[in-house]
Protein chains: 2
Amino acid sequence: MSSGAAIGTKGVPRAEREEQIVAEAIAEFAESGYAGASMVEIARRAGISKPLIYQYFGSKDGLFLACLHQVSGGLLARLEDAELEVDDSVASRIYPLRAIFEALDPQPHAWRLLFDPSMPASGEIAVAAREYRTRTTELAASGSTRFLAARGITSPADASALSAVWMGVVDSIVEWWLAHPEESADQMTERCYRLLGAITG
Amino acid sequence: MSSGAAIGTKGVPRAEREEQIVAEAIAEFAESGYAGASMVEIARRAGISKPLIYQYFGSKDGLFLACLHQVSGGLLARLEDAELEVDDSVASRIYPLRAIFEALDPQPHAWRLLFDPSMPASGEIAVAAREYRTRTTELAASGSTRFLAARGITSPADASALSAVWMGVVDSIVEWWLAHPEESADQMTERCYRLLGAITG
DNA sequence: CCGGGAACTTACCCTGGGGTCACTTACCCT
DNA sequence: AGGGTAAGTGACCCCAGGGTAAGTTCCCGG
């Protein structure tokens, strides 16, 4: 048989294979969460067998970590840039939103990896995730504190709550995007601009 | 030994035991999600052994279903009442928030059961969860449509997105509450009132 | 006093999924 | 041509966790 899965090498170099495995793994992790994702299912998606993944990534944790770094790297960098453009107005919140939509454009569902609740609570993954989450949270928090201070509210608890809410807004709008894949990143940005306007009226 | 787990009945009537099991199960499901929750761990929390749970609830699905009904029943009823008081203003959104805080007061983390992503996607659980989610979503959606219409926006997609965002806001503020358990339901309501005021300026 | 049922447990089965071993095939370099 | 190495696989081990069978203790009604 010339077609179908055969034994022996298929001539795909390691770097290329790794890239492909990570892409499929991101999709599977996003759909099923860390706990629910199955290594053999990821292998099936990539058209290879399980041991090859273990040879390249060592463990499920190793694979997830690779996915996490790929997803978070670009996203966080863009976000930190965008946050510099935010001022005291609600409307200026559009900048970080646009940054997120553009960074996520190739694989919007990658977003879910960052806040996967079924991720292990200790170990290398937890450390890396905590690092990324801390950076994200601090961005939201500093913005919220400034926003409230400009309106005469200085309670740290209020700032903390508003920061949490803002992150919830971002999360839910990205989830909405996942449910409406026909929408482009630009369209999402416009839509959010319109909604922000309506709310601040 | 007079103390410790012994064989044979302990004289606790079925109704009482079931109530206690459901309470512990809600806590475990909320902490670990459906997929991550362990039946033997729930049994350990309740101070009994696993087969008793199976005798009373039949399966993990059956137990989760019982928890879901208990959580959603009261919550949805209150929410539907509160939605009647909402008008076109942002500020009136405080009513459903208050209803949620009050309904959740005894076990705030119960909130997580409703939107647990690791819940099975088919079967009786999926049907029940979909029913509850649909009712919740429709409440949010009708409010959003009205809100936008009052501001001259009639796009159904905008209404759908705003509805998703509003649900995200609710979810994140409840999660913030879970992280700050010293807060009472009344304090949460006041805090939200203040924040809504700041945003609408 | 005694039988039956409700309340409980110990010990077990079995599947699914993470992880490993030994082996095979193709390519490249001398 | 031939050997070394990278790419790739089928078959296996092992354990956690859902689910079950069979037995034990207590209480209550006749």
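Trainee: Which of the 27 residues around DNA strand D come nearest?
Mentor: In this predicted model, the residues that come nearest to DNA strand D are A:Lys10, A:Ser49 and A:Pro51 from chain A, together with B:Lys50 and B:Tyr54 from chain B.

Trainee: And what part of the strand's atoms within 4 Å of the protein is sugar and phosphate?
Mentor: Sugar and phosphate make up 71% of the atoms of DNA strand D that come within 4 Å of the protein.

Trainee: Which phosphate oxygen contacts involve A:Arg17 or B:Tyr54?
Mentor: A polar side-chain atom of A:Arg17 lies 3.1 Å from a phosphate oxygen of DNA strand D, and an N or O atom in the side chain of B:Tyr54 is likewise 3.1 Å from a phosphate oxygen of that strand.

Trainee: What does A:Thr9 sit against, then?
Mentor: For A:Thr9, a polar side-chain atom lies 3.1 Å from a sugar or linking oxygen of DNA strand D.

Trainee: Which element gives the largest share of that surface?
Mentor: That is α3(A), with four residues, while α1 (14–36) and α3 (50–57) of chain A and α3 (50–57) of chain B each supply at least two.

Trainee: How many are nonpolar, polar and charged?
Mentor: The surface near DNA strand D has 13 nonpolar residues, nine polar ones and five charged ones.

Trainee: Switching topic, what rotation superposes chain B on chain A?
Mentor: A rotation of 180 degrees, with 0.0 Å of shift along its axis, superposes chain B on chain A with an RMSD of 0.1 Å, which is the relation of a two-fold axis. The same surface serves both copies, since 100% of the contact residues of chain B recur in chain A.

Notes: Residues are numbered from 1 along each chain as its sequence is written. Chains are lettered from A and ligands numbered from 1 in the order in which they are written. This is a predicted model: local features need pLDDT of at least 70, side-chain atom pairs count only at pLDDT 80 or more; totals for chains, interfaces and linings use all residues. Side-chain values use heavy atoms; hydrogens and water are left out. A residue is near a molecule or strand if one of its heavy atoms lies within 4 Å of it. A polar contact is a pair of N or O atoms within 3.5 Å; within protein, one must be able to donate a hydrogen and the other to accept it, and residues adjacent in sequence count only if both atoms are side-chain atoms. Ala, Val, Leu, Ile, Met, Phe, Trp, Tyr, Cys and Pro count as nonpolar, Asp, Glu, Lys and Arg as charged, and the others, Gly among them, as polar. Copies are superposed by least squares on the C-alpha atoms of residues with pLDDT of at least 70 in both. Contact means heavy atoms within 4.5 Å.
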